[in-house]
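Let's take a walk through this one, stopping at a few spots where side chains and helices meet. Have the 3D view ready as you read.

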Amino acid sequence: MAKPHFWPDHYIQNTKSAEEAIGLIKPGQRVFIGSSCGEPQHLVRVLANASSSFMDIEIVRVMSLESTPLTLIANKTQDQILNIRSFYLGSAKPKSLSRNLRFITPLNLSAIPRLFKSRMMPVHIALIQTTPPDDFGWLSLGISVDITLAAAQSADLVIAQINPKMPRVLGQSFIHVNDVDIFVEYEEPLLGVPKTPELEAANTIGRLISRHIEDGSTIQISPGTTPQATMLALQDKNDLGIHTQYMTSDIMHLYSAGIITNRCKGFNDGKMVASTAIGDDNLYEFIHDNPAVEFHPSDYVNNPSIIARHNRMVALNVVTAIDLTGQVAADSLPYTQFSGVTGMMDFIRGATQAEGGKSILLMPSTDATGKKSRILPLLNDRAIVIPRGDVHYVATEYGVVNLFGKSFQERALAMISIAHPAFRDELFFEAKKMGLFSQERTLTESMHGVYPVELEENLKIDGETVTIRPAKPIDERRIQEHFYSLDKNDVISRFFHEKTSFLRKEMQGISQIDYVKNLTMLAVVGEFGFGKVVAIGEYLIEESKNLAEVAFSVSHEWQGKKLGKILLHKLAMAAKQNGIAGLIAFTNHDNQGMIRLFETLPYKIKKTFEEDVLVLICRFDEPKA
């Protein structure tokens, strides 16, 4: 329709009731509904009430919690009145999704605006929700810009619910009165989402991933992360930035605490950038006219090349199942159903392309009942949301692993090591049946060990970060490489004889440990999952004496930097906590280095000789005077 030059006249002349506006929809048209919490609820209710007068209407939306159940109408009328097209990229395992499987259109969120703008999928009617116009005739889409802006710009007829409760959000969130055809004034509370239920497993995951997030990182946070876990992961960080699909209450709290400053993003500095808000009234009040917040459409926010421009971009996403080869399923849960996990792949690929970027997938090891493992042998009956090749960091409450660049055997070992101990036997034997392990590999007691994260520590030595941590089953190969790199004399000092080969079977005994009766501590430099082992300290219990025998090796270029002392004190602390009475070491009689090392312990040191071998013993109940 023709629009007058003076926008207030256009607004007044085209303000109608919702019933009049919905009555303009014709048979066979495609109707877009504003997404997430920005859904124009009043217009949707009127649409549902008038549905009996429609024929062959297609509803297009990002998957929704459905405050008004349009899918119920579609099912009752066998799609003759309404057909639903829901953009959703997750698995459809939950019953609420599987029964509406035919409505799902799998698509990355970054691609949807192009679908509309190119008219490959023409939008005939766009039902949107906005603020009242400002003094210049601009309406803000408020909490829902994502794909809503593209739909409004592309639609033949735009119907806007004008809601004074909608916050005015800065950025690329505006549409002018002259570009809207019909206005329906109706004030009502905006949709909100319940808080994600707290889980102790999620809190443990938050603590575990904290050490993998650096100060100055730019963060994307999936709506499925719990508030407490988010705080545990990020509370000690400085100068974080935000570039994310969903602005949430957790982000608001981090900003209020001064943890988020957006100073170091390297792109859009000073701004928290998102495309949608899902939360409560406090969040909506926070983003209203806030100069620190900008909302942009999904073809910008979710564009991997835009995401990759940020410094140390970290994508934190909650998933629901992973198999031993690294394939990932993700389902929308009742409290995350607005998210539709539709932008997950965009952020994963963008983050891993960024300088210093990381993708971290978060998942409790079992379902809510504790009776089913979320780590499975193979995802046979689940849609694959994240292919194997895109999976990097994976975290459960039992540890963090990096699958990038790993073989199937290494991936299976890694995933079993962070599975719930009750399911590790089954996963191990299934992996053997699948051919992921060689037939001679046996299930050792170590597979049931719980990784003691409290022994981890990052140190700066000569300007380089050194991670001191317990060994993991996946460290087998790098432990081999460490021993092959040792000087001849260091090999003799460690093994008491010349040795030129370090077979996998031998290394399995060092890397696959139970963390109680036997423990190996490593000093590692380099990127997580690819680091080089520069020092090893081990203990193995002599049960008859309840003493732990210790042994060490340090790469030549790292000798003299006190790594041996650091590892010995870690081993002593762990052994004491595990009820072991003390430490014992066997070494050459002239090994002054080992003697001095033992003497750094706060216990009395007893020295004896067995033939030509010096025996050093300390007991934890005999402190130095």
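One cut-off first: a residue counts as buried when its relative accessible area is under 20%, and as partly exposed when the value falls between that and 50%. Keep in mind, too, that this is a predicted model.

With that in hand, look at Asp390. Its relative accessible area is 16%, so Asp390 is buried. Its salt-bridge partner is Arg349, with 2.8 Å from N to O. Arg349 sits in helix H14 (residues 344-353), while Asp390 is in the loop between E20 and E21, so the pair links parts of the chain 41 residues apart. Unlike its partner, Arg349 is partly exposed, because its relative accessible area is 35%.

How many salt bridges does the whole structure hold? A full search finds 24. Side chains of opposite charge can pair when their charged atoms come close. Another such pair is Asp134 with Arg168, at 3.7 Å from N to O. Both lie in loops: Asp134 between strand E5 (125-130) and strand E6 (138-140), Arg168 between strand E7 (157-162) and strand E8 (174-176), with 34 residues separating them. Arg168 is partly exposed, at 25% relative accessible area.

Further along, Glu557 bridges to Lys532, with the closest N and O atoms 3.1 Å apart. Glu557 is in the loop between strand E27 (547-554) and helix H20 (563-577) and Lys532 is in strand E26 (residues 532-542), so this bridge ties together parts 25 residues apart in sequence. Glu557 is partly exposed at 44% relative accessibility, and Lys532 is partly exposed with a value of 44% as well. Elsewhere, Arg30, Glu58 and Arg85 are joined into one network by salt bridges that share partners.

Now for the helices. The axes of H8 (residues 200-210) and H9 (residues 227-234) come within 7 Å and cross at roughly 20°. Angles under 35 degrees count as roughly parallel, and therefore so do these two helices. Their crossing is right-handed. On the H8 side, the contact uses Ala202, Asn203, Gly206, Arg207, Ile209 and Ser210; H9 brings Gln228, Ala229, Leu232 and Ala233. Sorted by class, that gives five nonpolar, four polar and one charged residues.

Last stop: is helix H15 (residues 408-417) mostly covered or mostly open? It is mostly covered, with seven of its ten residues buried. Those seven are Arg411, Ala412, Leu413, Ala414, Met415, Ile416 and Ser417. Their cover includes strands E17 (321-323), E20 (375-376), E21 (393-396) and E22 (399-402), along with helix H16 (424-433).

Key: Residues are numbered from 1 along each chain as its sequence is written. This is a predicted model: local features need pLDDT of at least 70, side-chain atom pairs count only at pLDDT 80 or more; totals for chains, interfaces and linings use all residues. Side-chain values use heavy atoms; hydrogens and water are left out. Axes are lines fitted to C-alpha atoms, for helices over the stretch in contact, and angles run from 0 to 180 degrees between N-to-C directions. Helices (H or I, at least four residues) and strands (E, at least two) are DSSP runs, numbered from the N terminus. Angles under 35 degrees count as roughly parallel, over 145 as roughly antiparallel, 65 to 115 as roughly perpendicular and the rest as oblique. A crossing is left-handed if the near helix is turned anticlockwise from the far one by less than a right angle, and right-handed if clockwise. Contact means heavy atoms within 4.5 Å. Ala, Val, Leu, Ile, Met, Phe, Trp, Tyr, Cys and Pro count as nonpolar, Asp, Glu, Lys and Arg as charged, and the others, Gly among them, as polar. Buried means under 20% relative accessible area, exposed over 50%, partly exposed in between (1.4 Å probe, protein chains only). A salt bridge is a side-chain nitrogen of Lys or Arg within 4 Å of a carboxyl oxygen of Asp or Glu.
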